[in-house]
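Q: Could you take a close look at the ligand site in this one and walk me through what surrounds it? I'd also like to hear about any odd backbone spots along the way.

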Amino acid sequence: MSELPDVFGLGRFPAVRMRRNRRHAWSRRLTCETQLSVDHLIWPIFIHEGQGIRQAIDSLPGVERLSIDLLVDAVGQARRLGIPAVALFPATEPDKKTPDAEEAVNPDNLICRAVRAVKAEHGDAVGVICDVALDPYSSHGQDGLVRDGHVVNDETVEVLCRQAVVQAQAGCDIIAPSDMMDGRVGAIRQALDEAGCLDVQILAYAAKYASSFYGPFRDAVGSAANLGQGDKRTYQMNPANTDEAIREVALDLDEGADLVMVKPGMPYLDIVRRVKQQFGVPTFAYQVSGEYAMLAAAAERGWLDRQAVVLESLFAFRRAGADAILTYFALEVAEQLHATH
Ligand code: PBG
């Protein structure tokens, strides 16, 4: 230790005792560098057809698919707890899935009806975020259109633009393209503007990796079976890459993204850090389904303390530079934050 250069010029032991500032709770509060509040939480919710339906998802213990009536109540809970926004994901009925995912652009599809119902009840008290991608609607489970075995870019982008517009017209506040097609942010911005949706924000899943941590999500929206042995590596990023993430974010910002996202979350905090540092724009991170499943499963077995590790994980996101975190733990964390303040 004594060989270390005194780079900070702040002195050394025994004059310096780092533990002094940690001695009392009030002092630990005063020296806390990172804040976590409900303002930093976005709650992703899965939706299902029907009335009074609450369906468990095996690989996401504690997360449920809700019918629209129960969704409206759930958003009410989020609202009372001060959660700023929810992200809605539809579990489309299997008979509505087609190779070209036409249901995605149906203005009366499940997601559009859900958005209208939430907005009718809650107005601007809670922001509503909708994904733009075809996987909940395609019979092959890919995010885009498949031609000769390949997910094609430009033709997909045309459909994504229509999907964005129907969702915006239903009342969605933030359009979140999660498809990773090239040029989609600019095309969607133009389509939204032409439809008069000038104030609808775009949250680009800018650095989205071809991750195996999405498994439980695919169960939740029912796309896992459709995708089968398929993968998304021709459009989602290689988990080995980091410079490429910077380029993806730069392009999406240039095309008009208002907010950018890194996904998955905890295994990619280095990317969150780089993006936030390099661009200084609102940067969100998604604690994805597999991350939830890992923590929830270990807690279920009594191997981890659920409340404690969840809070710690969210502080890690904030420390890395995330402005907000999409997390399936949002509701319970909001309750916990209220209880301790
Ligand atoms: C759809 C989409 C996915 C997620 C969000 N939007 C899955 C995927 O790309 O296969 C994953 C979220 C999660 O795992 O919680 N494109």
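A: Two elements stand out around the ligand in this predicted model: β9 (201-208) and α6 (215-220) each give at least two residues to the shell. In total, 18 residues surround the ligand, and the closest are Lys208, Lys232, Lys263, Ser289 and Tyr328. Sorted by class, that shell holds eight nonpolar, seven charged and three polar residues.

Now for the polar contacts. On the nitrogen side, aspartate 131 has a polar side-chain atom 2.8 Å from a nitrogen atom of the ligand. On the oxygen side, there's arginine 218, with a polar side-chain atom 2.7 Å from a ligand oxygen. Lysine 232, already listed with the closest residues, has a side-chain N or O atom 2.7 Å from an oxygen atom of the ligand. As for cover, the ligand on its own has 400 Å² of accessible area, and the protein covers 100% of that. The space the ligand takes up is also the largest cavity.

Lys263 is worth a second look. Besides being listed with the closest residues to the ligand, lysine 263 is joined to proline 264 by a cis peptide bond, with omega at about -5°. Proline 264 itself sits in the loop between β10 (259-263) and α9 (269-279). Another cis peptide bond links phenylalanine 13 to proline 14, and there omega is about 10°. You'll find proline 14 in the segment that comes before α1 (25-30).

While we're on the backbone, a couple of positive phi values deserve a mention. Alanine 101 isn't a glycine, yet its phi is positive, at about 55°. Look for alanine 101 in the loop between β4 (85-90) and α3 (110-122). With a relative accessible area of 0%, alanine 101 counts as buried, the cut-off for that being under 20%.

Aspartate 148 also has a positive phi without being a glycine, in this case about 50°. Its place is the loop between β6 (146-147) and β7 (150-151). Here the relative accessibility is 85%, so aspartate 148 counts as exposed, given that exposed means over 50%. Put side by side, then, you've got a positive phi at a buried alanine 101 and another at an exposed aspartate 148.

If you're going back to the ligand with the viewer open, try aspartate 131 for the contact to a ligand nitrogen, then arginine 218 and lysine 232 for the contacts to ligand oxygen.

Note on methods. Residues are numbered from 1 along each chain as its sequence is written. This is a predicted model: local features need pLDDT of at least 70, side-chain atom pairs count only at pLDDT 80 or more; totals for chains, interfaces and linings use all residues. Side-chain values use heavy atoms; hydrogens and water are left out. A residue is near a molecule or strand if one of its heavy atoms lies within 4 Å of it. A polar contact is a pair of N or O atoms within 3.5 Å; within protein, one must be able to donate a hydrogen and the other to accept it, and residues adjacent in sequence count only if both atoms are side-chain atoms. Accessible areas come from the Shrake-Rupley method with a 1.4 Å probe; for residues, only the protein chains shown count as cover. On a 1 Å grid over the protein atoms alone, a cavity is a set of points where a 1.4 Å probe fits but cannot get out, and a pocket is an open set with protein on both sides within 12 Å along at least five of seven lines; lining residues have an atom within 4 Å of a point. A molecule sits in a cavity or pocket if more than half of its atoms lie within 2 Å of its grid points. Helices (H or I, at least four residues) and strands (E, at least two) are DSSP runs, numbered from the N terminus. Ala, Val, Leu, Ile, Met, Phe, Trp, Tyr, Cys and Pro count as nonpolar, Asp, Glu, Lys and Arg as charged, and the others, Gly among them, as polar. Buried means under 20% relative accessible area, exposed over 50%, partly exposed in between (1.4 Å probe, protein chains only).
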